[in-house]
Amino acid sequence: MQKVDYPVLAGPEGYLSPSAASMGVVLPDEGEALVEGRIVPEEEAMEKIAEKLLSAKNPFFFPGPLILWAWNEKAVEKAKAVKEMTEVVPAKIIPMPDYRPKYPTINPREEINPNHPNLTIWHNKIDVCVFIGVHCHYANLALKIVRGGTNCYTIALCGEYGHEDAMITLRDVHTEKVRQLTEVIKRAKAERKGRR
């Protein structure tokens, strides 16, 4: 297991917080994930995601263009699976449909702008958020800004290798893995109800 002395935690960390990668956090290999800067088995990360989403006061999902634009059948299926996951939590959705900067203002009720994600987090009082279907270069930027300026706990479900600047990241997340995570959330939710 990797050992890193830089925990990736909810902020605010500061105006110029370093990238987690520059502090030694490395991306996980297949079958692994990152939880707060540590490499862990993927199953452990899924349990932690379920815990964070189910204990959140105001969880939100930020789906990006890779699933919103319906550019192929796989994207459509993944979007449907993500929608089902949001209903299970339950969580609200703010789409990230257009990456172009919208200066001088955005409407944080309608969209998250990756160039100013902290505004959307603050405006909606979001305590846990999930990035999915967002191009990696925008996700990296937005996650770093969120960590630097807010106390929001970030989760990145990435179709590629993951994101060091998220508090939790899963890699290779496609439709099947989204549904697998949804089942983990359903099970955790049932266990929480059983304890009450």
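User: Let's start with one residue: is Val128 buried or exposed?
Analyst: This is a predicted model, so everything here is computed from it. Buried means under 20% relative accessible area. Val128 comes in at 5% relative accessibility, so the label for Val128 is buried.

User: Which strand holds Val128, and how many of that strand's residues are buried?
Analyst: Val128 sits in strand 5, which covers residues 128-132. Val128, Val130 and Ile132 point one way from the strand, while Cys129 and Phe131 point the other way. Both sets are buried, so strand 5 is largely enclosed by the rest of the structure, with a buried count of 5 of the 5 residues.

User: Leaving aside neighbours within four places in sequence, what is Val128 in contact with?
Analyst: For scale, Ile168 is 40 residues away from Val128 in sequence and 11 Å away in space, C-alpha to C-alpha. Contact means heavy atoms within 4.5 Å. With those close sequence neighbours set aside, the partners of Val128 are Lys52, Leu53, Ala56, Asn58, Pro59, Phe60, Cys152, Tyr153 and Ile155.

User: Which residue of strand 6 is the bridge partner of Phe131?
Analyst: Strand 5 has pairing to follow here: strand 3 (residues 59-63) runs parallel to strand 5 over 5 bridges, and there Phe62 is partnered with Phe131. Strand 6 (residues 153-157) is also parallel to strand 5, again joined by 5 bridges. In strand 6, the partner of Phe131 is Ala156.

User: What is the strand order in the sheet, and which strands stand at the edges?
Analyst: It's an open sheet of 7 strands with mixed pairing, in the order 2-1-7-6-5-3-4. The end strands have a single partner strand each, so one side of each is left without a neighbour in the sheet; the edges are strand 2 (38-41) and strand 4 (92-93).

User: Which residue of strand 2 is the bridge partner of Leu34?
Analyst: Strand 1 (residues 32-35) and strand 2 run antiparallel, with 4 bridges joining them. Within strand 2, the partner of Leu34 is Ile39.

User: Which peptide bonds leading into Pro12 and Pro90 are cis?
Analyst: Most peptide bonds are trans. Pro12 is in the segment before strand 1, and Pro90 is in the loop between helix 3 (73-88) and strand 4. Omega is near 0 degrees for the bond into Pro12 and about -10 degrees for the bond into Pro90. The cis bonds are Gly11 to Pro12 and Val89 to Pro90.

User: What is the phi of Asp172?
Analyst: Most residues other than glycine have a negative phi. Glu36, in the loop between strand 1 and strand 2, has a positive phi near 55 degrees. Asp172 lies in the loop between strand 7 (168-170) and helix 6 (175-195), and is partly exposed at 23% relative accessible area. Its phi is positive too, at about 55 degrees.

User: Stepping back, what is the radius of gyration of the protein?
Analyst: The secondary structure comes to 6 helices and 7 strands, following the pattern β-β-α-β-α-α-β-α-β-α-β-β-α along the sequence. The globule rule gives 16 Å for 196 residues, and the protein is close to that, so it is as compact as a globular protein of that length: the radius of gyration is 16 Å.

Technical notes: Residues numbered from 1 in each chain as written. Predicted model: local features only at pLDDT ≥ 70, side-chain atom pairs only at ≥ 80, totals over all residues. Heavy atoms only, no water. Pairing = 2+ DSSP bridges. Helix = DSSP H or I, 4+ residues; strand = E, 2+ residues; numbered from the N terminus. Rg over C-alpha atoms; globule rule 2.2 N^0.38 Å. Buried < 20%, exposed > 50% of the residue type's maximum accessible area, 1.4 Å probe, protein only.
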